[in-house]
Amino acid sequence: LQDRQPTGLLGAQLAGELLARWSSAPQGSTHEIERDMTRVTFDVISATLLPSADATVGAAVEHSTGLFQRAGGWSALYAIANAPKWLPKPGRRAQQQAIHNLRSSVAAMLRERREVAQERDDLMHRLMRATDPETGAPMNEEQLIDNLLTFYLAGHDTTAKALTWTLFLLAQSPEW
């Protein structure tokens, strides 16, 4: 995906591919809309925020993101209940491993990007070139990873959920 057209065109192409797949399905078949929206937004956001020549990185990021998000619900529940930090949490170890995997994958992508002299107009490149307006210092590795993962996790999941709900609401009101 990394060498495809600009984001808007990429999104349109991926949406077109998804619609073609839905259209070619047998009449009356059902589709897992949330899964499909998650896949499309994952592909778009991966290509724009976390592009990599290594095809295995996307799968690793996707798997780790799923583990991280599943375990995150328990963290929210424990916080709401004001549970003590020492209380065992389901999925804590998997979440810590997922965080490690996500950070390692993004660090590898940053190393890969630095080794390739080709400049690209994407968020990763812009963040790598960003400097503090007061000091002129660039972001350190940890800040870059934090920013990329924040954009990635927030943009991917919320967009997929918004698209899923939009399609649900449209299905409830076909006149629209």
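**Asn82**

I looked up Asn82 in this predicted model. Is Asn82 buried or exposed? Asn82 counts as exposed, because its relative accessibility is 67% and the cut-off for exposed is over 50%. I then placed Asn82 along the chain. Asn82 sits in the loop that runs between helix H3 (55-80) and helix H4 (92-115). I also checked the backbone. The phi of Asn82 is positive, at about 55°, although Asn82 is not a glycine.

**Aromatic rings**

Next I searched for aromatic pairs. I found one aromatic pair. The partners are Trp165 and Phe168, with ring centres 5.3 Å apart and planes at 85°, so I noted the pair as edge-to-face. The angle decides this, because planes over 60 degrees apart count as edge-to-face.

How are Trp165 and Phe168 placed in helix H6? Trp165 and Phe168 are three residues apart in helix H6, so about one helical turn separates them. I noted the range of the helix as well: H6, where Phe168 lies, covers residues 141-172.

**Surface patch**

I checked how open each ring is. Trp165 has 54% relative accessibility, so Trp165 counts as exposed. Phe168 has 41%, so Phe168 counts as partly exposed. The reason is that partly exposed covers the range between under 20% and over 50%.

Which residues make the nonpolar surface patch? I listed Trp165, Phe168 and Leu169. The patch has an area of about 350 Å². Both members of the edge-to-face pair, Trp165 and Phe168, thus appear in my patch list.

**Nonpolar cores**

I turned to the buried side chains. The largest nonpolar core has 12 residues in all. I wrote down some of its members, among them Leu102, Val106, Ala107, Met124, Leu127, Leu144 and Ile145. Which elements give two or more residues to this core? They are H4, helix H5 (123-129) and H6. H4 gives the largest share, five residues.

I followed one core residue further. Which residues does Ala107 touch, leaving out those up to four places away in sequence? Ala107 touches Glu141 and Ile145. Ile145 is itself a member of the largest core. Glu141 falls at the start of the H6 range, 141-172.

Last, I noted a second core, separate from the one above. This second core has nine residues, including Leu18, Met37, Val44 and Ala160.

Note on methods: Residues are numbered from 1 along each chain as its sequence is written. This is a predicted model: local features need pLDDT of at least 70, side-chain atom pairs count only at pLDDT 80 or more; totals for chains, interfaces and linings use all residues. Side-chain values use heavy atoms; hydrogens and water are left out. Patches are made of residues with over 30% relative accessible area and no salt bridge: like charges are joined within 9 Å, nonpolar side chains (Val, Leu, Ile, Met, Phe, Trp, Tyr) within 5 Å. Accessible areas come from the Shrake-Rupley method with a 1.4 Å probe; for residues, only the protein chains shown count as cover. A salt bridge is a side-chain nitrogen of Lys or Arg within 4 Å of a carboxyl oxygen of Asp or Glu. Helices (H or I, at least four residues) and strands (E, at least two) are DSSP runs, numbered from the N terminus. Buried means under 20% relative accessible area, exposed over 50%, partly exposed in between (1.4 Å probe, protein chains only). Rings of Phe, Tyr and Trp (its six-membered ring) pair if their centres lie within 6.5 Å; planes under 30 degrees apart count as stacked, over 60 as edge-to-face and the rest as tilted. A nonpolar core is a set of buried Ala, Val, Leu, Ile, Met, Phe, Trp, Tyr and Cys residues joined through side-chain atoms within 4.5 Å. Contact means heavy atoms within 4.5 Å.
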